[in-house]
Amino acid sequence: MASIFTKIVNHEIPSYKIYEDDKTYAFLDINPETKGHTLVVPKVEVDKIYDLSDEDWNALWATVKKVSKHMEEVTGRRIVYKVVGTDVAHAHVHLMPLDENWEYGKTLHLREDEFQSICEKLAFQD
Ligand code: 5GP
């Protein structure tokens, strides 16, 4: 069965899209720890990040860098990462604009209009 992230990439499940290219997809985490918390995923469905091909690994980290630079420019904040992968078996990297109130693992409860407005600020294309 397709992973939840494959369904998001294929638009079978809605997401707040931040960026997309031919190999990767970035979208807001639905349980954000800071405003702008974004997940970058490879379009290919691979569980463990270290099992990606070199090509997909490089594409993933190139997108992480690109999205980080853009997020830093827009938010004025340092962008921090985490790679966990215990909840969804589809490789992904978490990107978070650092916030002084950030507590690791603690979810912020945002309204739909807040997600929408963050998405509008952060979304970009090549
Ligand atoms: P991890 O596997 O790294 O522990 O966490 C997976 C992340 O995926 C979690 O932060 C969780 O909130 C996020 N997530 C799980 N399901 C969905 C979903 O359907 N949509 C979005 N946007 N994020 C999700």
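Which element gives the largest share of the lining of the second largest pocket? Keep that question in mind while we look at the ligand and at the two pockets. One thing to know up front: this is a predicted model.

## Around the ligand

Let's start with the ligand and its neighbours. There are 16 residues around the ligand, and the ones that come nearest are Leu-28, Asp-29, Asn-31, His-92 and His-94. Sorted by class, this shell is made up of nine nonpolar, five polar and two charged residues.

Now for some atom-to-atom distances. His-92 places a polar side-chain atom 2.6 Å from an oxygen atom of the ligand. With Leu-28 the backbone is involved: one of its polar backbone atoms is 2.9 Å from a nitrogen atom of the ligand. Thr-86 also has a polar backbone atom in the picture, 3.3 Å from an oxygen atom of the ligand. As for how wrapped up the ligand is, it has 520 Å² of accessible area on its own, and the protein covers 85% of that.

## Where the ligand sits

So where do you find the ligand in the fold? Look in the largest pocket, since that is where the ligand sits. Two elements give two or more residues to the shell around the ligand: helix H1 (4–9) and strand S2 (24–28). Of the elements, H1 gives the most to this shell, with three residues.

## The largest pocket

Next, the pocket itself. Its volume is about 510 Å³. The lining counts 25 residues, and closest to the centre of the pocket are Phe-5, Asp-29, Ile-30, Asn-31 and Leu-39. H1 and S2 turn up here too, as the elements that give two or more residues to the lining. H1 has the largest share of that lining, with three residues.

What about the mix of residue classes? The lining of the largest pocket divides into 12 nonpolar, nine polar and four charged residues.

## The second largest pocket

Time to move to the other pocket. The second largest pocket holds about 400 Å³ of space. It is lined by 19 residues, and Thr-34, Lys-35, Gly-36, Arg-77 and Asp-99 are the closest to its centre. The elements that give two or more residues to this lining are helix H2 (54–75) and helix H3 (112–122).

That brings us back to the opening question. The answer is H3, which gives five residues, the largest share of the lining of the second largest pocket. By class, this lining has six nonpolar, five polar and eight charged residues.

Definitions and conventions
Residues numbered from 1 in each chain as written. Predicted model: local features only at pLDDT ≥ 70, side-chain atom pairs only at ≥ 80, totals over all residues. Heavy atoms only, no water. Near = heavy atom within 4 Å. Polar contact = N/O pair within 3.5 Å; in protein donor to acceptor, adjacent residues only side chain to side chain. Areas by Shrake-Rupley, 256 points an atom, 1.4 Å probe, with all protein chains shown as cover. 1 Å grid on protein atoms, 1.4 Å probe; cavity = no way out; pocket = protein on both sides within 12 Å on 5 of 7 lines; lining within 4 Å. Sits in = over half its atoms within 2 Å of the grid points. Helix = DSSP H or I, 4+ residues; strand = E, 2+ residues; numbered from the N terminus. Nonpolar A, V, L, I, M, F, W, Y, C, P; charged D, E, K, R; others polar. Points joined across faces, edges and corners; volume = space filled by probe spheres on them.
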